[in-house]
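Trainee: I'd like to learn how to read a structure like this one feature by feature. Could you walk me through it?

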Amino acid sequence: MINNIFKKIVQFKLKWLAKIYLWRTKPKIIVIAGTTGRYWIKEAVEEALEEKNFSVRTNRKNFNAEIGLPLSILGLPSGNASFFGWLKILWQAHKICLSPRLSASSPRESAYLVLEMVIDAPENMNYLLSIVKPDAVILTTITMIYAENFENLDEIALEYKKLIKVLPWNGLAILNFDDERVKNLAESSDKRVISYGFSKEADFQVKNVRKVSDGQEFEISCPRQSAHLKINRFGQHHIYAELIKAIIKDNFKDRQKDFFGKILK
Amino acid sequence: MFSRTQKINLSPIKQIEILASKIPDVVSLAQGVPSFDTPEVVKKAAIKALNRGVVAKYSLTYGLPELRETIEQKLAEEGMYYDFEKEIIVTAGSIEAITSVLIAIIEPKKNEVVLFSPSYTSYQEAIKVAGGKPIFVNLIENDGWRIDFKFLERKINSKTAAILFCNPNNPTGTVFSKEDLLKIADLAEKKKFFILSDEVYKDFIYADEREYGIASLSARNDNNQESLRGAERRSNLNQSAFFSLAQLPELRKIVIRVFSLSKAYAMTGWRIGFLHSDEENVKEILKVHDSLVTCAPVISQYAAIAALDFGDKEIEKFRQQYQERRDLICRHLDDLKDFFSYQKPNSSYFVFPKLLPKRDSWRFALDLLEKAHVAVVPGVAFGPSGESHIRMSFGRSEKDINEAFNRIKKYFNIRTSDVQNL
């Protein structure tokens, strides 16, 4: 009982502190959702954005739900099972959010937050969206994982639809066209959609996959070009991660690193 | 009737534990059970899963996808790349994994499995359960329990299905060098057998030995072609402290790696572990795993996600404690140098002292149990070269270790004359 009350207080405080943090630092937010493959896609997005000279921060571990998401935004660890541990975290969160030096231009703040989001019950998404408003959304798959509190998979799809709905007018939805339910979300979207997958309808399509002794070889074809790739990882989810990397590279502009320094030279 | 099981023995560790359980106030240094409780964060995750109502049904035979994804991430951190969908099976501890692999790979014409002596006692029985024949290759005690490659090569023939070893080794606490592991890989490639590597103690390598695998590399002779291939492999390696053959992609078709959360996360009772290898091997092993257990306990699978995600700090705490206990047990053994000689273990939580003078380890263990009420495992249980040794676990608390040694010291002081006659 006391534990539950304390948990609610921690959750409430973290939510508001995360909101204050986002309001003050104004990072671009890319949300990765879906029931599988988020981790490797998150890594791929981070890598692609860093190649474009952006500073990026991502979720720590699997901090991706009601308490974990605000912790990820604030860049804090978990208080684990310790009462005092959580008090310390709340104190650190206050210090970060109330710091006079915190602003969007502060060099220690990231230009991009890449956040995994996980829902395991109806209304979870509403709660997470009350903290975060994404600028771009990447949807992977909708499967039976975490489905026990939902009537069916279509109900989960409706939750993910909310993610696309809250995108700003210039927002971007990156959707896996190999998953029928995710693909269907494109039809009802009024935002810009880029599709990926093995499907022939996908904008960024993968073909000719070949498993070799030390990884996988495949081709990615997209509207403007195609490329042959080899990776040292095994499994379809790593191919999806490479597709996402290609999408980010193709659709996000480079940040001019040290712009004024270059002019002065 | 029972023609196969009659050849199989109950593990001597369990036999000793059964005998010990009948003696009041016995102190056991026999079973390899950590004295710690499962970390709080792991227990909470299990309770949460229980309350969510998700643990009453079977999981997929491979295991929960979210756990396998976590395992894949963890393996990648250690330089091992395996597909969570097709190349990882969550098992009911490591012994189920090993038994499943052995049943899958042993065939009538390829039924011999090479074991190091000494090595974990249950391996020989698992091989017999799978219809195979254990073939022992002695480790060289005077050379830090290193592998005797001349002897090993003599024991390998067309009937060899696999070599099975524990690295770090139970009961000697030896970390096999990268150089030696690569030699095993060369042999396995040439002679076409599997390498089954059980790495349950890889998290308990003690500070002074953490770079053991890398440090010993310079000894390798790079003159022949096989060695060159080994050199290439080494250059591609992630410079992690602990070396596993499963880090080498070119060996993924012959290496099957097993890990258990039992020791690292103090979860022996949860019966949870995993194996990974190339898809071609895993799809065959899966059939056996399915027949044996359908799936690993689902509540333990949820607990394992939390352990892998949040348990690293706890592992480090355990490791430091075990290192202190190792030093404590070694100090006690130093006090008894007329009765034991030993090599300080680099890892795990076992020490494997030699009995002085040489004597029957079963008789000694039973006598110690009966007269001093201290349970240890007779060395012969770990293979023929384990005779005249005993295994002591420092997984137990300092209090237990001190009490056990007080009794052992008393036993020797009082009964020195009896001991000479054993």
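Trainee: Let's start with strand pairing. Which residue stands opposite Lys207(A) in S8(A)?

Mentor: Happy to begin there, and keep in mind that this is a predicted model. When reading a sheet, look for the residue facing yours across the pairing. Here, Lys207(A) has Glu219(A) of S8(A) opposite. The two strands, S7(A) and S8 (residues 215-221) of chain A, run antiparallel and are joined by six bridges.

Trainee: How many residues does the hairpin between S7(A) and S8(A) pass through?

Mentor: Two residues make the connection in that hairpin.

Trainee: In which sense does S7(A) pair with S6(A), parallel or antiparallel?

Mentor: That pairing is parallel, with two bridges between S6 (residues 192-197) and S7 (residues 204-212) of chain A. Gly197(A) is found opposite Gln205(A) of S7(A).

Trainee: Now the whole of chain A. How many helices and strands does the chain A secondary structure come to?

Mentor: Chain A has nine helices and nine strands. For overall dimensions, its C-alpha atoms fill a box of roughly 60 × 55 × 40 Å along the principal axes.

Trainee: What radius of gyration does chain A have, and what would a compact globule have?

Mentor: The idea is to set the value against what the chain length would suggest. A compact globule of 265 residues would have a radius of gyration near 18 Å, and the 19 Å of chain A agrees with that. Buried residues account for 37% of the 265 residues in chain A. Contacts add another view: of those in chain A with a separation of 6 or more, 64% link residues 24 or more positions apart.

Trainee: And where chain A meets chain B, how many residues does each chain give to the contact?

Mentor: Chain A gives 15 residues and chain B gives 21 residues. It helps to look at residue classes too: the side of chain A that touches chain B has four nonpolar, seven polar and four charged residues.

Trainee: Turning to chain B, which domains is it divided into?

Mentor: Chain B is split into domain 1 (5-37 + 313-411) and domain 2 (40-310). Over C-alpha atoms, the centres of these two domains of chain B are 25 Å apart. Where they touch, 35 residues of domain 1 of chain B are in contact with 34 residues of domain 2 of chain B.

Trainee: Which element gives the most to the domain 1 side of that contact in chain B?

Mentor: H13(B) does, with seven residues on the side of domain 1 of chain B that touches domain 2 of chain B. By class, that side has 17 nonpolar, twelve polar and six charged residues.

Trainee: What is the strand order in the open sheet of three strands in chain B?

Mentor: Follow the pairings from edge to edge. The order is S11-S15-S14 in chain B, with antiparallel pairing, and S11 and S14 (377-378) of chain B are the edge strands. S11(B) and S15 (residues 390-393) of chain B share two bridges, and Val351(B) is opposite Met392(B) of S15(B).

Trainee: Last, the interior. How many residues does the largest nonpolar core have?

Mentor: It has 131 residues, and Val101(B), Ala303(B) and Val376(B) are among those with the most contacts inside it. Helix H12 (residues 298-310) of chain B supplies the largest share of this core, nine residues. Both domain 1 and domain 2 of chain B contribute at least three residues to this core.

Trainee: Which residues beyond its sequence neighbours is Val376(B) in contact with?

Mentor: Leaving aside neighbours within four places in sequence, Val376(B) is in contact with several residues, including Leu29(B), Ala365(B), Ile390(B) and Met392(B).

How values were computed. Residues numbered from 1 in each chain as written. Chains lettered and ligands numbered in written order. Predicted model: local features only at pLDDT ≥ 70, side-chain atom pairs only at ≥ 80, totals over all residues. Core = buried A, V, L, I, M, F, W, Y, C linked by C-beta atoms within 7 Å. Buried ≥ 20, exposed ≤ 12 C-beta atoms within 10 Å, placed from the backbone. Helix = DSSP H or I, 4+ residues; strand = E, 2+ residues; numbered from the N terminus. Domains from an automatic or database assignment. Contact = placed C-beta atoms within 7 Å. Nonpolar A, V, L, I, M, F, W, Y, C, P; charged D, E, K, R; others polar. Rg over C-alpha atoms; globule rule 2.2 N^0.38 Å. Pairing = 2+ DSSP bridges.
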